[in-house]
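Got the structure open? Let's go through it together, one question at a time.

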Amino acid sequence: MKGDNYIKLDFPSRSVNEKLARSAVSAFALQLDPTMDELGDIATAVSEAVTNAIVHAYPDCIGVITLRARILDGDCLEINVRDRGRGIENVEKAMTPLFTTGGEERSGMGFTIMDSFMDKLKVRSRAGSGTSVTMLRRIKSRRA
């Protein structure tokens, strides 16, 4: 699929920037004329992906998170959140509901939420090299 339009943001892994990422992708997605429910799902999935990078990729330091979003043919929004942090040793295990390495205050539901709110979720990671989370969401066309 060829991308018609895109954005790219690099920002420090500070918790305050989760709102920036959420707002930027929401504003970008508006060109597809999503419903409020669709927009809420997209914003929540982005929040989860960025929060995972902040909490798990860079637990003891500030690193860089790269966020990319693009519009693909067929009114499909592709979102990629990438870090160059410590990575995930076992992606399959990390995607299991309630599994967390973030301590008692974390629910372990981040990937489950992303998967339930998006049409497709792909997580690639390598220990010591970072993680890439790619999410796709098709927006139902309401054009006449």
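What follows is a chat between a student and a tutor about this predicted model.

Student: Which helix or strand gives the largest share of the largest nonpolar core?
Tutor: Start with the general idea: in soluble globular proteins, nonpolar side chains tend to be buried together. Here the largest nonpolar core has 32 residues, and Val50, Ile65 and Leu77 are among those touching the most other members. Several elements, including α1, β2 and β5, each supply at least two residues of this core. The largest share, nine residues, comes from α2.

Student: How many salt bridges does a search of the whole structure find?
Tutor: Side chains of opposite charge can pair when their charged atoms come close. One such pair is Arg137 with Asp41, at 3.1 Å from N to O. Another is Arg70 with Glu78. Searching the whole structure gives a total of two.

Student: How many residues apart are Arg137 and Asp41?
Tutor: Look at where the partners sit: Arg137 is in strand β5 and Asp41 is in helix α2. Arg137 is buried, because its relative accessible area is 9% and the cut-off is under 20%. The pair links distant parts of the chain, and the separation is 96 residues.

Student: In the Arg70 and Glu78 salt bridge, which residue counts as buried?
Tutor: The closest N and O atoms of this pair are 2.4 Å apart. Arg70 has 30% relative accessibility, so it counts as partly exposed. With a value of 18%, the residue that counts as buried is Glu78.

Student: Which strand gives the most to the positive surface patch?
Tutor: The patch is formed by Lys8, Arg68, Arg82, Arg84, Lys120, Lys122, Arg124 and Arg138. Lys122, for one, lies in strand β4. That strand covers residues 120-126 and gives three residues to the patch, so the cut-offs of 120 and 126 point you to Lys120, Lys122 and Arg124 in β4.

Student: Asp33 and Asp75 have a positive phi; is Asp75 buried or exposed?
Tutor: Most residues other than glycine have a negative phi. Asp33, in the loop between α1 and α2, has a phi near 55°, and Asp33 is partly exposed at 45% relative accessible area. Asp75 also has a positive phi, about 55°, and is found in the loop between β2 and β3. With 15% relative accessibility, Asp75 counts as buried.

Terms used
Residues numbered from 1 in each chain as written. Predicted model: local features only at pLDDT ≥ 70, side-chain atom pairs only at ≥ 80, totals over all residues. Heavy atoms only, no water. Patch = residues over 30% accessible without salt bridge, like charges linked within 9 Å, V, L, I, M, F, W, Y side chains within 5 Å. Areas by Shrake-Rupley, 256 points an atom, 1.4 Å probe, with all protein chains shown as cover. Salt bridge = Lys/Arg side-chain N within 4 Å of Asp/Glu carboxyl O. Lys, Arg positive; Asp, Glu negative; His and termini not counted. Charge placed at Lys NZ, Arg CZ, Asp CG, Glu CD. Helix = DSSP H or I, 4+ residues; strand = E, 2+ residues; numbered from the N terminus. Buried < 20%, exposed > 50% of the residue type's maximum accessible area, 1.4 Å probe, protein only. Core = buried A, V, L, I, M, F, W, Y, C linked by side-chain atoms within 4.5 Å.
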